[in-house]
Amino acid sequence: MTKKIDLVYQENVAIISICNPPVNALSVEVRKELLDALKEAEKKENVEAIILKGSGKTFPAGADIKEFGLPPQKPDLPTINDYIENINKPVICALHGNTLGGGLEIALACHYRFAHFKTKIGLPEVSLGLIPGAGGTQRLPRLIGIPEAYKMMASGLPINADKALKLGLINKVIQDIDESSIHFTKDLIENNNNFIKTKDRNELINNANEDKINITELKNNFKKQYRNQLAPQKIGDCLEKLLQSSFEEGQNFERNTFFELLKTEQSKSYIHAFFAERTSSKIPEIKSAHPRNLNTVGVVGGGTMGSGITIAALNAGLPVTMIERNQDSLDKGMKNLEKIYNRDIEKGRLSSSQVEEIFSRFTKTTDFEALSSVDMVIEAVFEEMNVKKQVFKILDKIVKKGSIIASNTSYLDINELASVTSRPEDVIGLHFFSPANIMRLLEIVVPDKVSNDVVATGFYLAKLMKKIPVRAGVCDGFIGNRILNKYGDCAYFMMEDGATPYEIDKAIFEFGYPMGPFQMFDLAGGDIGWAMRKRLKPMRDKNERYVHIPDKLCEKGWFGQKTGRGFYRYDKGNRRGDEDPEVLEIINLERQKKSIIPTKFSQEEIIRRYMAAMINEASNVIYEKIALRPSDVDVTKLYGYGFPRYRGGPMKYADSYGLDKILDDIREFEKEDSIFWKPSNLIIELVKKGNNFDSLNE
Ligand code: 3H9
């Protein structure tokens, strides 16, 4: 086994490097060897100081998440941190890369902390449903005070080295890890510097009462901000303990709380999401092919989607040519871009010179010929097969051999689009989500004849754009929208059967979504769903249940937020929307027409049906190999549709709820409507075998 720790001596300084690529996670081997190295360096008489650093790209980015859930193995991290803190020689850590979680907790126990100017420093345990479990909640506030420490731990967001210096978290920002840390360590030795252990720094804690720090109030604020999440509240409990007891008692309390959280469904779901999003780019095509050259991109369309895609490509460092059919549309596209970049400048996200550089890579024209030499064209024109086919025919004639022709369609058949070109092997679907410059999900839709290197290029583009790619097969709506249509229908059925749109939205919001389905329909624009329903009408089984209410609203021109009315009223720019009695009247009329006697739906019942519809269709999507694995469905729903991350995604939720119970629910609803609620074969098979969705994630 390769060594995880490297110990070298440079005159009177011991240098310990942690080598466990890719992120130097603190696995049991690392911990064992680290403790041995610390003991050895401590014992050496001529050693006057110890430097601790990470080799390669980073200081440790945390505990080894793969070990969570396995029986704990000694030595544990708190023991190592206590050991470091109690060494009688100065222990200095030289931080770089991503100093996160357990990595930062080691640093907090050291006597001095130097950080390379590019270091990111944070305690992201909340993003795994956990709290820092190796002294972080007790040491960080002793260095930077309770409010700042609570903010860092509850948000999980890293700070940069300058901010860390300002807060008092580190002692020095350095330019070079090796030279500067040795140089400053020698300074410390020469000046015979006395250090104070972090656990003994009680000044900020003792001042907490004087400073009127109210942890209950902070906890309440975070309760609102991090709705339904356990860990931010538990961090507050640890901070209360910090004020009431000794360091050791505080640390024990923290440790117990950490293990308590590790057992929760929330933490398991978060950890599932962590690995799911790193698995989605592991696809068969990449094993056998390399990406094609991707140095220039063309975008056809300057509307909302086209502009968003253009910005995503520009921000990824690519030169982009935007095409529109006339000057007027081109000017509108340009305005879209300027609006977003001006906001970036206003908010300090980009400087004027950065934006200038970005625009120097941007070309706009109405002449398709300008695309002749680009490596990839992404079509983002009106969502209508014939319009897209026209564009594809033109592109086929113009773009050079070997260029990739991609469509941003969110529903349409990419095989059909590919068939109008002379090179279906170059055609792929790249389904961006709106706003495309912000939303991280990218469905990469793989038609029958596309070549593997084109698929690999799609995944490469996602990486350049820092997006989360998910491989999808061709079907109406691919993974995300196909499933959305089913639970959207389920929401319509509940509305027609007796629940108001507002009751349904409230239930879904409380389940953890940022908004309910009717708020989402209003935000996206009712006309989009309406167009899709009209397109699918000829294919619809006459016996299928169909709810006319959304069409009735569309017939009135009520398309949601953009028209001021939809399922909600948006008077005078009110974007939250008010309940609308006229909508309730329309619903009532429709119920009367169909002789439906309204029934009451509890929140629990709404969730039960909504989730069953979602999971059943998701299961079909996996069964038909539209999604490669259940975790890809989870990633799609987490990143594109607002599924609460602390529930891990619909497939993880199904496993937690019990697949047999899901099947029971579906069979119960099947008695009302055997077409809509036909149980998925995959669920039936899995339940028969006593398996769950996770068994298919390998
Ligand atoms: C903690 O520390 C608890 C303590 O308070 C208490 C303990 C008692 N473990 O993300 P990437 C893998 S909780 C195991 O693509 P990047 C990852 O799966 C932890 N594996 O790289 C991937 O594997 P693969 C607190 C890990 O450069 C590969 O490394 N820390 C871990 O885009 C590359 O990862 C965190 O929550 C890990 N800790 O981003 C930080 N981290 O190639 C978690 C990564 O097989 N990590 N892997 O798919 C991150 O946020 C990002 O990895 C990081 C680098 C920003 C560091």
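Student: Which atom of the ligand does a backbone N or O atom of A61 approach, and at what distance?

Tutor: A polar contact is a pair of N or O atoms within 3.5 Å; within protein, one must be able to donate a hydrogen and the other to accept it, and residues adjacent in sequence count only if both atoms are side-chain atoms. Here a backbone N or O atom of A61 lies 2.8 Å from a nitrogen atom of the ligand. A polar side-chain atom of E125 is 2.5 Å from an oxygen atom of the ligand, and an N or O atom in the side chain of R278 is 2.7 Å from a ligand oxygen atom. The protein buries 73% of the 1,000 Å² that the ligand exposes when taken alone (Shrake-Rupley method, 1.4 Å probe; for residues, only the protein chains shown count as cover).

Student: What should I know about the model and its numbering?

Tutor: This is a predicted model, in which local features need pLDDT of at least 70 and side-chain atom pairs count only at pLDDT 80 or more, while totals for chains, interfaces and linings use all residues. Residues are numbered from 1 along each chain as its sequence is written, and side-chain values use heavy atoms, with hydrogens and water left out.

Student: Which residues come nearest to the ligand?

Tutor: A residue is near a molecule or strand if one of its heavy atoms lies within 4 Å of it. Of the 26 residues around the ligand, the nearest are A63, E105, E125, R278 and K282. Helix α12 (265-279) is among the elements that supply at least two residues of the shell, and α12 gives the largest share, 3 residues. Helices (H or I, at least four residues) and strands (E, at least two) are DSSP runs, numbered from the N terminus.

Student: In what order do the strands of the open sheet lie?

Tutor: Two strands pair if DSSP finds at least two bridges between them. The 8 strands have the order β12-β11-β10-β13-β14-β15-β16-β17, with mixed pairing. At the edges, β12 (362-365) and β17 (468-472) each pair on one side only. Strands β15 (residues 427-432) and β16 (residues 441-445) run antiparallel and are joined by 4 bridges; G429 stands opposite V445 in β16.

Student: How are two packed helices described?

Tutor: They are described by the angle between their axes and the distance between the axes. Axes are lines fitted to C-alpha atoms, for helices over the stretch in contact, and angles run from 0 to 180 degrees between N-to-C directions; contact means heavy atoms within 4.5 Å. Helices α27 (residues 630-640) and α28 (residues 650-657) pack at about 115°, with axes 7 Å apart. Among the residues making the contact are P630 of α27 and P650 of α28.
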